[in-house]
Amino acid sequence: NAVVVLSTITGNHAAQSGGGLHSWTTQVANTQVKGSLVWGNTSEVNTPDDVAAYSEDRAGFTSLGHNLVGAAGANVEFSTDFAATGDQTGITSATVVKLGPLTDNGGPTHTHALASGSLAIDAATCTDQADVTVTEDQRGVFRPQGTACDIGAFESEETTTLPAPQFTFDLSALPDMTYGDEPFSVAEYASSTNSKGTILFG
């Protein structure tokens, strides 16, 4: 059996159906797929055309769950081939997949990054086909970064926006200022802290 785990397969083109994955077998064995993103592939037969199989008489794929798959090609029926827990099928819109171009995102090879809001984020399990824990993505980034692993080869790194610090400036203890004293700007003092808050006068 061929096994595809936590992989991203996109941007490929085939002469026959199944530009992403084509399970070509005449045997009982088929292709196992888990936690993988197969999307945005084409063929001379259809566009898009992500997964196809040799014959409709045999199951071309065994889903082990949590895959995101675009368009079904020849001899693939999503109701049977990709119907495991967590599978998302028939997803053809780029606006929900939010997959970036193949580029240097760190690590030894180029990867396709997931943008914030992608359906693939936090939608997989962090295990391989034998349920052994997977702790890194293709780049070597720790998995998971969120509540669960991301579908595909890329683990989106969470960024946390901290709230602006709040301070209270109590100037009541300052001495009284009289004419001729050195100027003192409360506005400059407050803005120099790069914060926002309340200024109290005695």
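Me: Which residues form one aromatic cluster here?
Reply: Keep in mind that we're looking at a predicted model. Phe78 and Phe82 pair up with ring centres 6.2 Å apart and planes at 75°, and over 60 degrees counts as edge-to-face, so that is the label the pair gets. Both of these rings are buried. The aromatic cluster is made up of Phe61, Phe78 and Phe82.

Me: How far apart, centre to centre, are the rings of Trp24 and Tyr54?
Reply: Three aromatic pairs turn up in the whole structure, and Trp24 with Tyr54 is an edge-to-face one, with 80° between the planes. The pair links distant parts of the chain, with Trp24 in the loop between β4 and β5 and Tyr54 in the loop between β8 and β9. Centre to centre, the rings are 4.7 Å apart.

Me: Trp24: does it count as buried or exposed?
Reply: The cut-off for exposed is over 50% relative accessible area. Tyr54, the partner ring, comes in at 33%, so Tyr54 is partly exposed. Trp24 has 58% relative accessibility, which means Trp24 is exposed.

Me: Which residues does Ala120 touch, leaving out those up to four places away in sequence?
Reply: Ala120 sits in the largest nonpolar core, a set of 16 residues, and is one of those with the most contacts inside it, along with Leu37, Leu68, Val97, Leu99, Leu114 and Ile151. Nonpolar side chains in soluble globular proteins do tend to be buried together. With the sequence neighbours left out, Ala120 touches Leu37, Leu68, Leu114, Cys149, Asp150 and Ile151.

Me: How many residues are in the other core, the one with Val38 and Phe61?
Reply: This core lies apart from the 16-residue one. Val69 and Phe82 are also among its members, and Phe82 belongs to the aromatic cluster with Phe61 and Phe78 too. The count for this core is twelve.

Me: Which cysteines form the disulfide?
Reply: The structure holds one disulfide. Its sulfur atoms are 1.9 Å apart, and with 115° about the S-S bond the link is right-handed. The partners are Cys126 and Cys149.

Me: How many residues apart in sequence are the parts tied together by Cys126 and Cys149?
Reply: Both cysteines lie in the loop between β13 (111-114) and β14 (166-170), so the link ties together parts of that loop. Cys126 counts as buried because its relative accessibility is 17%, and Cys149 does too, at 0%. The separation in sequence is 23 residues.

Me: Which residues is Thr85 in contact with, leaving aside neighbours within four places?
Reply: Thr85 is in the loop between α1 (78-81) and β11 (88-89), and its 63% relative accessibility is why it counts as exposed. Its C-alpha atom is 8.8 Å from that of Ser63, 22 residues away along the chain. Its contacts, with those neighbours set aside, are Gly65 and His66.

Me: What share of the contacts with a separation of 6 or more is between residues 24 or more positions apart?
Reply: For background, the chain has three helices and 15 strands. Buried residues make up 38% of its 202 residues, and carbon and sulfur atoms supply 52% of the roughly 11400 Å² it exposes. As for those contacts, the share is 58%.

How values were computed:
Residues are numbered from 1 along each chain as its sequence is written. This is a predicted model: local features need pLDDT of at least 70, side-chain atom pairs count only at pLDDT 80 or more; totals for chains, interfaces and linings use all residues. Side-chain values use heavy atoms; hydrogens and water are left out. A nonpolar core is a set of buried Ala, Val, Leu, Ile, Met, Phe, Trp, Tyr and Cys residues joined through side-chain atoms within 4.5 Å. Buried means under 20% relative accessible area, exposed over 50%, partly exposed in between (1.4 Å probe, protein chains only). Contact means heavy atoms within 4.5 Å. Helices (H or I, at least four residues) and strands (E, at least two) are DSSP runs, numbered from the N terminus. Accessible areas come from the Shrake-Rupley method with a 1.4 Å probe; for residues, only the protein chains shown count as cover. Rings of Phe, Tyr and Trp (its six-membered ring) pair if their centres lie within 6.5 Å; planes under 30 degrees apart count as stacked, over 60 as edge-to-face and the rest as tilted. A disulfide is a pair of cysteine sulfur atoms within 2.5 Å.
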